[in-house]
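Reader: I have just opened this structure and would like a friendly tour. Could you walk me through a few of its residues?

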Amino acid sequence: MDDLLAVQAGLAWSLGRRTTGSPDYQLEWHEATWQFTSAEHRDRFEVDPEVYAPQYGGWCAWAAARGEAASTVPEAWKVVDDKLYLNYSRFIQWRWERDIPGYIEAADAHWPDIFE
């Protein structure tokens, strides 16, 4: 994962659209720098980051379901049951959306062991 994560979905998904974070509102969490659109969003994230952080460490949810790791793009994101999922591309997101519950179940089973 990149050293600098601009959380363009992060708390901004509550707005229903992607936004770009700012270096003025950033914090360090899990060995990455996270950027937010406002001090309020940064502070809400800091209180409970697991609520807002992407699932699978920000890696692609579809790839995780296959037991693999793949990078993601800010344009391919979806909130399911109040959790943020990212995908490798819009095309992969379309494939993932064909069976979201099945892919989440498979990814949850694979995720702890993907990097071992």
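Author: Happily! One term helps before we start: a residue is buried under 20% relative accessible area, exposed over 50%, and partly exposed in between. Please keep in mind that this is a predicted model.

Reader: Thanks! Is aspartate 43 buried, partly exposed or exposed?
Author: The relative accessibility of aspartate 43 is 35%. Buried needs a value under 20% and exposed a value over 50%. Aspartate 43 therefore counts as partly exposed.

Reader: Which side chain meets that of aspartate 43 in a salt bridge?
Author: As background, side chains of opposite charge can pair when their charged atoms come close. For a salt bridge, the nitrogen has to be within 4 Å of a carboxyl oxygen. Here the N to O distance is 3.1 Å, and the partner of aspartate 43 is arginine 42.

Reader: How many salt bridges are found in the whole structure?
Author: The pair of aspartate 43 and arginine 42 is one salt bridge, and arginine 66 with glutamate 68 is another, at 3.8 Å from N to O. A search of the whole structure gives a total of 4.

Reader: Where is glutamate 68 found?
Author: Glutamate 68 is partly exposed, with 39% relative accessible area, and its salt-bridge partner arginine 66 is partly exposed too, at 47%. Leaving out residues up to four places away in sequence, glutamate 68 touches Ala63 and Ile114. As for its place in the chain, glutamate 68 sits in the loop between helix H3 (61-65) and strand S4 (77-80).

Reader: What separation do the C-alpha atoms of glutamate 68 and alanine 107 have?
Author: Along the chain, these two residues are 39 residues apart. In space, their C-alpha atoms are separated by 9.1 Å.

Reader: Which strand holds lysine 78, the salt-bridge partner of glutamate 97?
Author: The side chains of glutamate 97 and lysine 78 meet at 3.9 Å, N to O. This pair links distant parts of the chain, 19 residues apart. Glutamate 97 is in the loop between H4 and helix H5 (100-110), while lysine 78 is in strand S4.

Reader: Is asparagine 87 buried or exposed?
Author: Asparagine 87 lies in the loop between strand S5 (83-86) and helix H4 (90-96). Beyond its neighbours within four places in sequence, its contacts include Cys60, Trp62, Thr72 and Trp96. Its relative accessibility is 0%, so asparagine 87 counts as buried.

Note on methods: Residues numbered from 1 in each chain as written. Predicted model: local features only at pLDDT ≥ 70, side-chain atom pairs only at ≥ 80, totals over all residues. Heavy atoms only, no water. Helix = DSSP H or I, 4+ residues; strand = E, 2+ residues; numbered from the N terminus. Buried < 20%, exposed > 50% of the residue type's maximum accessible area, 1.4 Å probe, protein only. Contact = heavy atoms within 4.5 Å.
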